[in-house]
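Me: Got a complex I'd like to talk through. Can you take a look?

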Amino acid sequence: MTFKDQWRFVRNNMKRSKSRIFMTVLATAMGVAFLIVLASVGFGLHTTFIDDIISDRSVTKIQISGIEKENDIAPITDEEITELEKVDNMKAVTRQLSLRQTPQFNMEDYNGRVETVVTHFPSELKAGMELKEGDLPEDPYEVVVGPHFIENLYPEDLPADEEIYDEEGMLKEEFKYGESLIGQEIEMVVEQNVDGETKEHEISLIITGIVEPPARDWMQDRQVYISDDVLTEVESFTETSRGAIVDPNYPEAEQEVTGYNYVYGYANSLEEVQEISEYLTEENYLVYSAASELDHLNTFFTIAKAGLIFIGTIAIIIASIGIYNTMTMAVTERTSDIGIMKAIGAHPKKIKQIFLLESSYIGLLGAFIGTVVAFVISILLNIGLPLIIESAFEQELPEGFQFSSIPPSLIVIAAVICLIVTVLSGLKPAKRATQIDVLKAMRREI
Amino acid sequence: MIDVKDINHTFLLGKKQNETALPVLKNISFSVDKGEILAITGKSGSGKSTLLNIIGGFMKPTSGSVWIKDMNVTNLNEGEYADFRLDNIGFIFQNFQLIPSMTAFENIELPLVLKGLSEKERKKKTEQTLEQVGLSDYHHHYPSELSGGQQQRVSIARTLVIEPPIILADEPTGSLDSETEQEILDLITGLNRNIGITFLMITHDEEVARIASKQIHIHDGEIVKEEVSA
């Protein structure tokens, strides 16, 4: 008996009890839709969180915060940088030093105090640093600034009785420096306490470029990126390491500081991040990357999704009771037909296959309808939920927030679970069909 | 063609552990040659149907064996016997045993479907067989739309379509009027003469048994008379 003929049998049999089959398929579809929608929340939140991590910072970036040496954590120095740059698949190693005071910057009639860092531009370029405007410095006294640097520059004639910030806490447009910063001369004023008196030193710098803004709107970069030569000048004036201001209350300021404040390694791809991180950990470096965060997040969400799928499976198992009932009734109704078929030479295996095919068909049809329904619910959830939250809690969800997501893998999982459960529930009735006594089925006298 | 050797069969009646043994067949032995029509006659309850069910593989005898085409079929399991039946044995039942949801064509086609023949081949054979039994115009009729005689013809056609060497018939005319009975008996004798099909038929009707080349009479589970027609 070919599969095509078995399929014809199943279809003819199902036509005879349309309403019962419809209700059973409906119950299965509801179970599948419940499973998919439930698990889709896990998938949706997982996707949202991953997107959040990936868009917040470069996923190929590895933060290297120090190295363990003789039971102590030491900062990364040029010695380690050389080693780090030799690590396989390491694209670039960026490093920054922070000035230990916040200098004042004067530009025309504007001034303000801004965090200042010394950065290694060749490695930043290799890591993919891009400028929003202008060019990288070529001269030691040329600098680039962060895209929000302008926010820290205030006009000298700032009115005392007027609100200078807008609703978002940003400097109002009318108080901002209105000209292009590129090519502007800026005066960096560093201070030092000498015998109780504050002395100032001015260094003249030229702005050559503005760095690209960070990935997220809420992140701001107001820094000024100076060169090693400028730092050397600052240090020679303050006579302290990294320009720290001498303060009798804080003797630590006079201590010599070594190593970089921020060191980041960059891998070529996300896969290599894990490999490099593992290697660096073995070499006693303290590393942290978005990849490791993703790893933890993936573990958490995998467990959560498995739990949701398990709960959803219970709904399908409940639906399978209906399938069992339908198949049992089908076998009972067709006892006479089965008896005749067996009498003329139908192998019990074929009879079993026909009934298993029927229960599988109910399962697959239920899975298909359930998936379509789940997609509709998922779309409605993603559209409706933010609106409900916004109106009920007056809270805006982050951009790109996805509450429910149905990846192809979830559809495959749901279909496989549904198929297994329906085949299992059809197994006993199918076996019963093979055990039907031909003589009893044909109601013959013995 | 068929050898029945020392068949004994006992039914156990009543509740388990308190059963009563009821012997229905006692040392039954006979043989049917190729191309023969054998009629087993006897009153109701004589054990003739049980004997046919054992030969057809629907029951296992308590002891003894059945050999068909030199094969001991008593030892075959249900699946093996089903395959054997599909290739070698056709059945004609008293109450026709047609599947009511299938048309005459589909009922006749069923054994060919079970054999896995192609649709084209099935159509050809089924149409030929329908013609053979004189039902060419009843392709799409359901059993409920046919007379008793026509239903029995469909039942015979379903048996013939696989061209079996042996046909077992259980009271083939038991549900028919005398006129239709003669038509069916003519069909059976015609098939026997023209195609050489071996028939083993049980009947309580002496008139029907008369078409057989050999008759066996059973009484209380024992063969009491065996006669060969002239």
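Me: How many residues does each chain bring to the contact?
Reply: Chain B puts in 33 residues and chain A 24 residues, with contact meaning heavy atoms within 4.5 Å. Keep in mind this is a predicted model, where local features need pLDDT of at least 70 and side-chain atom pairs count only at pLDDT 80 or more, while totals for chains, interfaces and linings use all residues. Residues are numbered from 1 along each chain as its sequence is written, chains are lettered from A in the order in which they are written, and side-chain values use heavy atoms, leaving out hydrogens and water.

Me: And how much area do they bury?
Reply: About 2,400 Å² between them, 58% of it on carbon and sulfur atoms. That's the accessible area (1.4 Å probe) the two parts lose on being put together, summed over both.

Me: Which three residues of chain B supply more of its buried area than any other three?
Reply: B:F58, B:Q97 and B:L114, with 23% of what chain B buries against chain A.

Me: How many salt bridges across the interface?
Reply: Three, counting a side-chain nitrogen of Lys or Arg within 4 Å of a carboxyl oxygen of Asp or Glu. A:D5 forms a salt bridge with B:R122, and their closest N and O atoms are 2.8 Å apart.

Me: What's the mix of residues on the side of chain B that touches chain A?
Reply: 16 nonpolar, eight polar and nine charged. Ala, Val, Leu, Ile, Met, Phe, Trp, Tyr, Cys and Pro count as nonpolar, Asp, Glu, Lys and Arg as charged, and the others, Gly among them, as polar.
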